[in-house]
2 protein chains.
Amino acid sequence: MRAGVFDSGVGGLTVVKSLLSSGFFSEIIYYGDTARVPYGVKDKNTIIRYSLEALEFFKNFDIDIMITACNSVSAYAIDELQNQAPFEVTGVINPGVLAVENSLDKKDSSILILGTKATINSNRYATLLEEKGYKNTFSIAPSLFVPIVEEGLFEGNILESTIQHYFQNIQEPDAIILGCTHFPLISKAISKYFPNSKLIHSGDAVVEYLKKEYNLKNQYPKTNIKFFATENPDGLKNIAKKWLNLDTIK
Amino acid sequence: MRAGVFDSGVGGLTVVKSLLSSGFFSEIIYYGDTARVPYGVKDKNTIIRYSLEALEFFKNFDIDIMITACNSVSAYAIDELQNQAPFEVTGVINPGVLAVENSLDKKDSSILILGTKATINSNRYATLLEEKGYKNTFSIAPSLFVPIVEEGLFEGNILESTIQHYFQNIQEPDAIILGCTHFPLISKAISKYFPNSKLIHSGDAVVEYLKKEYNLKNQYPKTNIKFFATENPDGLKNIAKKWLNLDTIK
């Protein structure tokens, strides 16, 4: 089984980390649109156009499934991708909703959805959760989280003041959806502020989802992984080495 | 005298504010590429391409001078624009250097250059200052300043921790170049951290530069101003109303 992972930049590596642990794949092709990141501030049509370009890229490879790690892509472009792709396509939003179902028994549980402006404006998580009976959701787009993560500030004063800024008027929710690939990197600080909230991580959610939908098994102790980027591929590879603890990278 | 002001987004309004006070212009056409902001993380060729598109836009108007408020554009695209434009073109970097010359007598004065990654990587301020004899310059790209300003956080904990983060290992300089249109909006907090540094503001610098280069005079008590944006023009107009204290806007 071979997967193509598409992301707007390097953030999708947090999803790759989970996919590597899953042992589902013999090979992963990662494609980051680093030249045009971030997608989370772009409009729907632009996100769809860029996603279809990524689809064309993956047609060069013999993949079985395309996984869109980026939540903004998953919010706006999944239908188009599924219509046009000669392979399976999954985003991270349906998996995130499944993870909520697996974690929260009570339908009146409170769920905080965090995402980029694009993801939040799409209302995709809230709509799907409501269809499953979860009506107690509230959404915010904490715009500073992405640049803070990109600056490598995974702890400390700046991050803590920023979390305080966005969360100060919110009651601790039962679950928090980390609806952007960058957010798992600051999950420790989020948990420090809301210690009792269950965090929903796109990577883990996708693994559970693939297991359920495609009956995938942990069968590859080693996954061959290749990285491609639209700008500065060496930068992507360096971050991948660090985040994924890889020795050699192609 | 009519000016076209080009910026990557809304930040150039800080330059417009100074231009309105100058009384140099009967009319200002503002063009913000809000669909593709920010430019400060893009590469040279992309910035030049987008700037030439802005030039085409201004050819629709009978302007005498195009002013590029964006420092990243001023750093990379001025030569191309000047070669191709049927009107005068000025950026904000030569004006900034002139402002340093007007402010600092001693050539060994220390000058801190703040800008986006694109502006800092261009090395344009440092090179021009060195040509004028100022060799004691140092540059940083405080990447979080722009998103913090865009979030409207002009004071408070987040901004103060961020300033501390970038400035903590720096000795108070004699002057600080606010080399990005967003930075004047947090000049108070910067001055609080470095109270004795002279701040160089692109808007004021451009006014001084135009006076010297073109012998412009304060002759228009009222400037007619029109706003155009590549995305969400109403958003631009609302910010303009607030920042520039305008009653009516076209």
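Contact means heavy atoms within 4.5 Å. This is a predicted model, in which local features need pLDDT of at least 70 and side-chain atom pairs count only at pLDDT 80 or more, while totals for chains, interfaces and linings use all residues. Residues are numbered from 1 along each chain as its sequence is written, chains are lettered from A in the order in which they are written, and side-chain values use heavy atoms, with hydrogens and water left out.

**Exercise 1. The contact between the chains**

Task: Find how many residues each chain gives to the contact, and what area is buried.

Solution.

Step 1. Chain B gives 15 residues to the contact and chain A gives 15 residues.

Step 2. Buried area is the accessible area (1.4 Å probe) that two parts lose on being put together, summed over both. Between chain B and chain A this comes to about 1300 Å², and carbon and sulfur atoms give 63% of it. Leu144(B), Glu151(B) and Ile158(B) supply 40% of the area that chain B buries against chain A, more than any other three residues.

Step 3. Count the polar links. A salt bridge is a side-chain nitrogen of Lys or Arg within 4 Å of a carboxyl oxygen of Asp or Glu; between chain B and chain A there are 0. A polar contact is a pair of N or O atoms within 3.5 Å; within protein, one must be able to donate a hydrogen and the other to accept it, and residues adjacent in sequence count only if both atoms are side-chain atoms. Between chain B and chain A, 5 residue pairs are in polar contact, both residues at pLDDT 80 or more.

Step 4. Assign the residues to elements. Helices (H or I, at least four residues) and strands (E, at least two) are DSSP runs, numbered from the N terminus. In chain B, α8 (145-150) and α9 (157-167) each supply at least two residues of the side that touches chain A. The largest share, 6 residues, comes from α9(B).

**Exercise 2. The symmetry**

Task: State which operation superposes chain B on chain A.

Solution.

Step 1. Superpose the copies by least squares on the C-alpha atoms of residues with pLDDT of at least 70 in both. A rotation of 180 degrees with 0.0 Å of shift along its axis brings chain B onto chain A, with an RMSD of 0.0 Å.

Step 2. Name the relation: it is that of a two-fold axis.

Step 3. Locate the axis. In chain B, the C-alpha nearest to it belongs to Ile158(B), at 2.8 Å. The same surface serves both copies, as 100% of the contact residues of chain B recur in chain A.

**Exercise 3. Backbone exceptions**

Task: Find where the cis peptide bond of chain A lies, and which loop holds Asn123(B).

Solution.

Step 1. Recall the background: most residues other than glycine have a negative phi, and most peptide bonds are trans.

Step 2. In chain A, a cis peptide bond with omega of about 0 degrees joins Val37(A) and Pro38(A). Pro38(A) sits in the loop between β2 (27-32) and α2 (44-58) of chain A. In chain B, Val37(B) and Pro38(B) are also joined by a cis peptide bond.

Step 3. Asn123(B), not a glycine, has a positive phi of about 65 degrees. Its loop runs between α6 (117-122) and α7 (124-131) of chain B. For accessibility, buried means under 20% relative accessible area, exposed over 50%, and partly exposed in between (1.4 Å probe, protein chains only). Asn123(B) is partly exposed at 41%.

Step 4. Asn232(B) has a positive phi near 50 degrees. Asn232(B) is exposed, with a relative accessible area of 51%.

**Exercise 4. Salt bridges**

Task: Which parts of chain B does the pair Lys192(B) and Glu160(B) tie together?

Solution.

Step 1. Over all chains the count is 14 salt bridges.

Step 2. In the salt bridge of Lys192(B) with Glu160(B), the closest N and O atoms are 2.9 Å apart. Lys192(B) lies in helix α10 (residues 187-193) and Glu160(B) in helix α9 of chain B, so the pair ties together parts that are 32 residues apart in sequence.

Step 3. Lys192(B) is exposed at 61%, whereas Glu160(B) is partly exposed at 38%.

Step 4. For a further case, Asp33(B) and Arg36(B) meet in a salt bridge at 2.8 Å, N to O. Asp33(B) is buried at 1%, and Arg36(B) is partly exposed at 23%.
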